[in-house]
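Welcome to this short tour! Keep your viewer open and select each part as we come to it.

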Amino acid sequence: MIGEKELANIVSMFSIGSAATGIKPLGPGFINDTFIVNTENGTRYILQRKNHNVFPDIPGMMQNILLVTEHLKKKVAGEGGDPMREVMTVVKRNDGGLYFKDESGNYWTMTVFIEGSVTYEKADTPELAYKGGKGIGKFQTQLADFTTPLNETIKGFHNIRWRFSQWDESLRRDAAGRAGSLTEEIGWIESRRKEMLDFWTLVENGTIPTRVTHNDTKISNILFDKNTGDVLCVIDLDTCMSSTSLNDFGDAIRSYANTGKEDDPDLSKVSMSMDMFRAYTRGYLSQRKDSLSETEKEYLAFSARYITYEQVLRFLMDYIDGDTYYKIAYPEHNLVRTRAQYRLLQSMESQYGDMVDTVREYLK
């Protein structure tokens with residue numbers, strides 16, 4: 001546990017022009033350790049210790065975040081908005097650097113806390129799903145003309161060809177001796193391999209364009225105005241990279257539209273809500289329908305199946321590997337996650353015609 005005196009020393013490395021008066025933990029800290037910093041002049045900041053095991057290239061990540069936020073600030077200002085409230089603001093180190101590396105090799109970064117904002121852990125109404133879709137759609141539209149190459153800070157993220165290379169090695173190794181009892185679950189993965197690779201080939205050959213993607217579009221990564229309820233900005237840009245924007249849509253549907261929990265042991269509770277799918281799609285396409293290519297429009301609904309399938313694969317692969325990546329609460333946790341995500345995938349597959357029709361409706 002790091003002490004407040006040490007935290008205050010880290011804060012002093014950043015160019016905030018005021019002394020810290022209090023530093024407290026913020027949020028559960030599943031990946032990064034996050035703190036809120038109060039200062040003498042009243043401005044508050046977010047201090048984070050970035051997890052360099054999950055993000056092996058923190059310098060590259062911070063360069064991505066700076067480039068993306070600078071672009072967004074120009075867009076917001078040009079639209080007559082408030083760049084300090086509608087875009088994350090990176091606070092640089094006193095000498096201009098984007099992070100501070102302590103003696104233990106930990107990386108620390110800082111951003112301005114956006115006052116008068118709220119977050120939600122779950123999208124539990126169609127109205128909130130609509131606003132979330134609108135927020136991500138606006139984020140992508142504002143970055144549609146961003147052309148600077150971004151660093152690949154996590155290798156192969158949402159790249160199913162890369163995931164299959166890991167998967168094949170995992171099966172060959174069978175580190176925990178579990179593969180033999182998973183014939184049915186392994187079959188789920190193998191029966192859809194060609195379909196998923198065919199989709200990814202369209203990304204690799206440029207038929208589906210590469211754009212700036214957030215890659216973690218759950219609703220807790222959107223700030224809402226406390227007074228109006230409107231979307232303020234998208235936060236947690238650690239995973240911003242170059243890929244297909246369909247990933248962001250698909251990941252959001254996997255999160256927003258699941259009627260159960262990601263690790264729900266009661267599969268009867270797990271399905272994809274068409275009401276939530278419709279609401280999110282309507283919000284998203286209200287911002288994006290004029291800037292998506294025809295191929296992106298064609299595969300928009302499929303992207304939800306693609307991302308959910310990838311998560312089935314990743315949970316099952318981690319279970320086969322002996323639970324080395326995801327934190328688990330009990331020995332079968334990753335297998336429970338696998339089965340819950342597979343039930344969600346099945347629900348999407350059974351409703352796929354309606355999903356495609358919904359996309360077409362909101363493209364008109």
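In what order do the three strands of the open sheet lie? Select them and follow the order β7-β9-β10, with antiparallel pairing. Keep in mind that you are looking at a predicted model.

**Stop 1: the edges of the sheet**

Select residues 117-118 for β7 and residues 231-234 for β10. These are the edge strands, and each of them pairs on one side only.

**Stop 2: from β7 to β9**

Now add residues 222-225, which make up β9. How many bridges join β7 to β9? There are two, and these strands run antiparallel. To see one such partnership, pick V118: its bridge partner in β9 is F224.

Next, colour residues 126-142, which form helix α4. This helix packs on the sheet, where β9 and β10 are the strands it touches. Compare directions, too: α4 makes an angle of about 50° with β10.

**Stop 3: two cysteines**

How many disulfides does the structure hold? The count is zero. Select C233 to look at an example: C233 takes part in no disulfide, and its nearest cysteine sulfur belongs to C240, 12 Å away.

Then click on C240. Why is there no bond from C240 to C233? The closest cysteine sulfur to that of C240 is the one in C233, and 12 Å is too far for a bond, because a disulfide needs the two sulfur atoms within 2.5 Å.

Before you leave, check how hidden each cysteine is. Is C233 buried or exposed? C233 counts as buried because its relative accessibility is 4%. C240 is buried as well, with a relative accessible area of 1%.

Key. Residues are numbered from 1 along each chain as its sequence is written. This is a predicted model: local features need pLDDT of at least 70, side-chain atom pairs count only at pLDDT 80 or more; totals for chains, interfaces and linings use all residues. Side-chain values use heavy atoms; hydrogens and water are left out. Two strands pair if DSSP finds at least two bridges between them. Helices (H or I, at least four residues) and strands (E, at least two) are DSSP runs, numbered from the N terminus. Contact means heavy atoms within 4.5 Å. Axes are lines fitted to C-alpha atoms, for helices over the stretch in contact, and angles run from 0 to 180 degrees between N-to-C directions. Buried means under 20% relative accessible area, exposed over 50%, partly exposed in between (1.4 Å probe, protein chains only).
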